[in-house]
Amino acid sequence: MVARRHGDAELLDLAREGSAAALGSLLHRHRGALQRAVLRTADPERAAGVAMTAAVRALRGGRLREPAELPALLEEATAGVATRAPRTADVEPLLPSDWFDRAWTATVRTWPSGRRPLPRPPRWAALAVGAVLLAVAGAGGTWLALSSGDEREVLASIVASTLDGPSALDDAPVAPEPVVEEAPELFGDVEIGQLPTYDLTTRPDTGSGPQLVPPAG
């Protein structure tokens with residue numbers, strides 16, 4: 001059983017629906033016209049890539065409505081390259097056998113916008129950026145720690161000066177003074193100069209005890 005071949009209109013419809021392979025097949029069917037056009041430039045492979053990218057952009061922008069418009073579109077894009085960089089040699093350059101495949105492989109990377117994606121940064125660049133961010137974060141944490149320590153020291157000095165001030169001493173509770181009781185008097189209201197004396201010269205056989213002698217006035 002022989003599979004039916006897609007027509008140019010069907011390939012163009014599939015390409016509009018998002019099939020890059022369909023546009024590649026359509027371009028391959030017009031590779032003869034594309035090859036004749038790019039041979040007029042100084043760099044045929046580069047010119048082929050420019051023409052294919054122009055076809056991708058025309059498809060996305062809705063300017064490629066019929067398959068018959070594709071050869072003219074490729075010719076116009078190639079003519080612009082030939083104007084900027086025309087072929088200078090009198091002999092046609094020889095294209096490698098895989099020129100079409102290589103040009104389409106480079107072009108399909110721009111699908112579906114027709115613009116080349118931004119190059120990805122190398123792995124070492126991502127590691128370097130990560131190391132810088134970690135260093136900045138560490139420095140910020142250290143600065144915050146030191147700043148908070150200064151604030152604690154300032155607060156402690158303020159509290160200490162407040163407690164040591166006169167207002168703190170004035171407000172402190174005063175301990176009651178101990179009550180000292182007076183010693184009782186041995187002789188009542190008699191003054192020391194009026195203490196009584198005893199006369200011990202009396203003879204014991206007299207039968208009388210010691211006689212109080214009033215102090216000399």
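Tryptophan 104 is placed in helix H6 of this predicted model. The residue has a relative accessible area of 14%; because buried means under 20%, tryptophan 104 is classed as buried. Apart from neighbours within four places in sequence, tryptophan 104 is in contact with Ala20, Leu23, Gly24, Leu27 and Met52. Four of these names recur in the contact between H2 and H6, where Ala20, Leu23, Gly24, Leu27 and His28 of H2 meet Phe100, Trp104 and Val108 of H6. By class, this contact of H2 with H6 comprises 6 nonpolar and 2 polar residues, with no charged residues. The axes of the two helices, H2 and H6, come within 11 Å and cross at roughly 150°, and the crossing is right-handed. Tryptophan 104 is also paired in space with glycine 49: the two are 55 residues apart in sequence, while their C-alpha atoms are 6.8 Å apart.

Threonine 107 is a further residue of helix H6. Its relative accessibility is 1%, and threonine 107 therefore counts as buried. When neighbours within four places in sequence are left aside, its contacts are Gly49, Met52, Thr53 and Val56. Gly49, Met52, Thr53 and Val56 are in turn among the buried residues of H4.

Helix H4 covers residues 44–60. With 17 residues, H4 reaches 25 Å from its first C-alpha to its last, close to the 24 Å expected at 1.5 Å a residue. The buried residues of H4 are Pro44, Ala47, Ala48, Gly49, Ala51, Met52, Thr53, Ala55, Val56, Ala58 and Leu59. These buried residues pack against several helices, namely H1 (8–16), H2 (20–29), H3, H5 and H6 (99–108). Just after H4, glycine 62 has a positive phi of about 75°.

The pairing of H4 with H5 can be described in more detail. The axes of H4 and H5 (residues 70–84) come within 9 Å and cross at roughly 130°. H4 and H5 are therefore oblique to each other, and their crossing is right-handed. On the H4 side the contact is made by Arg46, Ala47, Val50, Ala51, Met52, Ala54, Ala55 and Ala58, and on the H5 side by Leu70, Leu73, Leu74, Ala77, Thr78 and Val81. Sorted by class, the contact of H4 with H5 has 12 nonpolar residues, 1 polar residue and 1 charged residue. Met52 of H4 takes part in this contact with H5, and Met52 is also touched by tryptophan 104 and by threonine 107.

Leucine 74, one of the H5 residues in that contact, also lies 8.3 Å from alanine 33, C-alpha to C-alpha, although the two are 41 residues apart along the chain. Alanine 33 is in helix H3, which spans residues 31–38. Its relative accessible area is 28%, and alanine 33 is partly exposed.

The loop between H3 and H4 contains leucine 39. At 8% relative accessibility, leucine 39 counts as buried. Beyond residues up to four places away in sequence, leucine 39 touches Pro44, Arg87, Glu92, Pro93 and Leu95. Of these, Pro44 is listed with the buried residues of H4. Arginine 87 is separated from leucine 39 by 48 residues in sequence, yet the distance between their C-alpha atoms is 7.6 Å.

Another loop, between H6 and helix H7 (123–164), holds proline 112. The peptide bond that joins tryptophan 111 and proline 112 is cis, with omega at about 0°.

Taken over its full length, the protein chain has 8 helices and 2 strands. Along the sequence these elements follow the pattern α-α-α-α-α-α-α-α-β-β. Of the 217 residues in the chain, 21% are buried. Among contacts between residues at least 6 apart in sequence, 63% join residues at least 24 apart.

Definitions and conventions:
Residues numbered from 1 in each chain as written. Predicted model: local features only at pLDDT ≥ 70, side-chain atom pairs only at ≥ 80, totals over all residues. Heavy atoms only, no water. Helix = DSSP H or I, 4+ residues; strand = E, 2+ residues; numbered from the N terminus. Buried < 20%, exposed > 50% of the residue type's maximum accessible area, 1.4 Å probe, protein only. Axes fitted to C-alpha atoms, helices over the stretch in contact; angles between N-to-C directions. Parallel < 35°, antiparallel > 145°, perpendicular 65-115°, else oblique. Left-handed = near helix turned anticlockwise from the far one by under 90°. Contact = heavy atoms within 4.5 Å. Nonpolar A, V, L, I, M, F, W, Y, C, P; charged D, E, K, R; others polar. Expected span 1.5 Å × (residues − 1).
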